[in-house]
Amino acid sequence: MPSKKTKPGKLVEQNIKMQTEQSELLQTVSTRRAEAAGNAARSYSDNSIRALSRITGELQMAGSPMAVAAAYKDYMRDASERGVLFLDALRRWSDTVIQYNADGAPPLLDYESELVQDGRDLPRPCNYFLLKILPPAGIEIDTSKRPYVIIDPRAGHGGGIGGFKQDSQVGVALKAGHPVYFVAFRQMPEPGQTLADVSMAEATFLRMVQGLHPEAPKPVVIGNCQGGWATAILAATNPDLTGPIILNGAPMSYWGGKVGQDVMRYSGGLVGGALPAMLAGDMAGGIFDGAELVDNFEKLNPGRNYFAKYFDLYQDPDGGFDRFIGFEKWWGAFMLMTTEEMTWIVQNLFVGNKLARNQAEIEPGRHIDLKAIRAPIICFASHGDNITPPAQALNWIMDTYTNEHEIEIQGQRILYMVHEEVGHLGIFVSGKIATREHSQMAETLANIEAMAPGLYELVIEDVKGEGDEKAFTFSIAKRTFDDLVAETGDRRDEASFAAVARISENLVEGYDSTIRPVVKSVASAELGEMQRQMHPMRVLRTMFNSGVPGMKEVEKAAERVRANQEPADQRNPFRQMEKLWGESVVRSFDMVRDWREASIEAAFLSVYASPAMLNYGATRNVERTKKNPNRLGDLPEVKVILEKVCKGGVAEGVIRALVLAAGTRGDVRGDRLARSLEVMHTRKPMCEMTVEQRVGIIHEQTVIAHFAPEAAMEALPLLLKTKKSREDAVKELRYVIGSEDEMAESTKAYLDELEILLDLKKPTADTTATAAE
């Protein structure tokens with residue numbers, strides 16, 4: 001915002017620059033949208049041509065008009081039979097949904113569980129509860145291993161996504177022998193429930209888990225989607241409770257996204273910010289309906305949600321029903337929130353973007369600072385995720401820290417992993433993701449203690465095998481903030497959202513101080529329940545139940561069809577025409593979606609990227625105060641550590657040598673990290689230290705190696721005073737690095753320099769064998 005002393009000419013110049021940037025943004029939108037539409041059209045055209053070619057071939061192979069007529073007859077009989085079975089599947093769907101909601105919509109875990117703690121019994125009651133997952137037969141749990149606690153996302157749909165399948169986050173942890181706990185929730189919140197109540201309950205759950213496993217390290221906490229920011233808030237406000245935290249598809253920086261692609265973030269600016277959520281909750285007796293959130297999600301993929309999933313069920317009504325209903329029970333459970341909860345989420349996160357900018361309070365007087373998180377953090381994002389794009393999952397890192405060096409100074413370890421194509425739900429429920437990405441994250445967590453502080457990317461490669469036999473290798477690559485920007489895209493449009501935040505605050509304040517008391521006085525719980533039952537998302541899911549006239553007859557007709565069904569051959573040309581028609585319908589839905597999203601984005605940027613709106617929102621477009629990147633070495637905490645450059649013993653010497661060796665490479669292979677952890681746990685004096693002591697030494701030696709690398713190297717003889725300690729240190733270093741055939745030239749040069757510095761002859765034996773030999 002220009003100051004009062006800004007000269008008129010300067011102000012005009014600033015506005016012209018803003019207008020130019022707005023024009024460039026709109027041009028980028030147009031270009032990228034047109035390119036995406038062209039690519040989609042070409043892909044659809046190519047697929048359609050191939051499908052038509054197959055259909056033509058099948059018709060030619062029929063050989064005669066009579067054979068074609070017979071194929072048509074078989075198809076019509078099959079289509080009518082599938083129509084009856086499809087109607088019966090819809091009947092069973094409605095009956096299942098009604099019964100599931102009558103049972104309270106319990107979490108859909110594919111594992112047995114037992115209740116550990118009910119949040120309703122806490123001093124500040126809430127609808128959350130803690131479950132202990134019981135391992136299936138054949139799996140042994142080691143109670144001394146680090147427990148896993150999975151926090152379910154509460155974003156309108158039901159509970160249980162992290163343990164939805166055997167190949168899931170729960171399954172990965174159980175197979176590794178870890179105790180697993182699940183934080184779930186009931187459909188209806190407790191009266192007056194706030195997110196502060198929920199966060200305090202989650203902290204209580206973690207204390208209970210630690211009490212049940214006193215010999216184990218602090219628990220890993222996994223937060224999926226909305227459970228991710230809840231996990232981050234929990235770790236920031238209770239840094240003493242959590243072990244490593246994993247944020248899967250978790251939105252943390254809400255203004256982020258790529259221009260011409262990520263459109264969901266614009267919704268708040270076009271509907272009035274937080275006001276609609278507050279008004280909807282007040283009119284429903286203080287309860288916000290999660291069906292509204294799920295409805296917004298479905299609009300992102302209308303071809304799938306409005307047609308394709310039902311068309312797929314029609315293709316195979318009986319064979320596909322279990323898959324269909326398994327997802328729909330979870331997707332259509334429609335969890336509820338209090339107005340206070342939803343308003344806090346929209347004001348502080350979706351519209352205000354206060355969490356990443358260090359401005360959020362979980363409740364008055366309780367500030368949330370993500371820099372206060374002391375546990376290692378792993379973030380998992382995907383370029384195929386149109387709900388939480390990589391920018392929203394990762395930009396908080398750049399919002400919180402000055403650069404990657406400040407992460408090192410803070411002693412923090414942040415790892416991120418970006419998938420190229422998996423969708424938002426696939427991050428949590430895909431069996432392939434569970435056996436690949438989540439398994440490798442679990443392996444990384446097992447060795448994360450040995451990692452030096454810093455910013456890293458977890459890189460996974462397929463190496464051999466197929467299916468369940470496929471093997472993977474992973475490495476941990478050192479990264480910079482420039483690498484993050486390359487992954488998430490530029491942020492030139494984010495200033496536009498500041499005006500939305502300010503408008504939202506004004507609208508909420510105006511509503512709260514004028515007509516809100518009237519709205520709340522005329523609303524009631526009964527009126528809210530009636531509104532929820534009339535919501536189109538619920539009506540659709542219950543309108544085919546067995547109590548509807550005619551549906552019992554459908555059930556009987558379906559039984560007769562199953563007794564005499566004669567399915568048409570999948571190669572039947574008319575069956576293939578049916579599939580091609582279905583693809584054309586999906587394509588039509590997607591074209592409408594693309595037009596809608598392009599219109600929304602153009603409208604948003606036309607309004608909020610204008611000079612007037614940028615100036616209006618300037619007071620809300622404020623970053624957190626950061627350190628001067630050129631003066632990080634002058635920070636008091638750095639100077640205190642640098643005074644120890646010549647102090648320490650064998651442990652400091654060995655760890656410094658390892659840190660300096662890591663600096664000669666751009667990445668750390670998983671097997672090297674495991675060997676480094678082995679050295680920490682089996683070699684004296686490191687093995688005699690606590691985890692906290694080892695981590696503290698790694699932190700200090702990392703800072704020394706970065707800010708005083710030459711002095712760090714020259715002081716090693718002062719730390720490793722005896723010939724035996726020097727020989728042992730080099731042996732352990734070579735063991736961790738591996739054979740010389742796998743070393744980078746810079747690493748070989750470092751080892752040569754180190755041996756000369758320590759007055760050691762270059763070893764001739766293979767020192768890559770286990771040091772225990």
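This is a quick walk through one strand and two exposed spots in the structure above. Keep in mind that we're looking at a predicted model.

Okay, let's start inside, with strand E11, which covers residues 377-382. How many of its six residues are buried? Six of the six, so to speak a mostly covered strand, by the under 20% relative accessible area cut-off. If you look at where the side chains go, Ile-377, Cys-379 and Ala-381 point one way, while Ile-378, Phe-380 and Ser-382 point the other way. Both sets are buried.

Now, who are the neighbours? E11 has strand E6, residues 245-248, running parallel to it, and four bridges join the two. One pair to click on there: Ile-246 has Ile-378 of E11 as its bridge partner. E11 is also joined to strand E12, residues 413-419, by six bridges, and that pairing is parallel too. For that one, find Ala-381, which stands opposite Val-418 in E12.

Right, out to the surface. Ile-515, Val-518 and Val-522 make up a nonpolar patch there, and together they have about 290 Å² of accessible area. Val-522 sits in helix H18, residues 516-522. Why do we call Val-522 exposed? Because its relative accessibility is 61%, and the cut-off for exposed is over 50%.

Last stop is Arg-560, in helix H21, which spans residues 551-564. Arg-560 has 55% relative accessibility, so it counts as exposed as well. Now check Arg-560 against Glu-81: they're 479 residues apart in sequence, yet C-alpha to C-alpha they're 9.7 Å apart in space.

Notes
Residues are numbered from 1 along each chain as its sequence is written. This is a predicted model: local features need pLDDT of at least 70, side-chain atom pairs count only at pLDDT 80 or more; totals for chains, interfaces and linings use all residues. Side-chain values use heavy atoms; hydrogens and water are left out. Patches are made of residues with over 30% relative accessible area and no salt bridge: like charges are joined within 9 Å, nonpolar side chains (Val, Leu, Ile, Met, Phe, Trp, Tyr) within 5 Å. Accessible areas come from the Shrake-Rupley method with a 1.4 Å probe; for residues, only the protein chains shown count as cover. A salt bridge is a side-chain nitrogen of Lys or Arg within 4 Å of a carboxyl oxygen of Asp or Glu. Buried means under 20% relative accessible area, exposed over 50%, partly exposed in between (1.4 Å probe, protein chains only). Two strands pair if DSSP finds at least two bridges between them.
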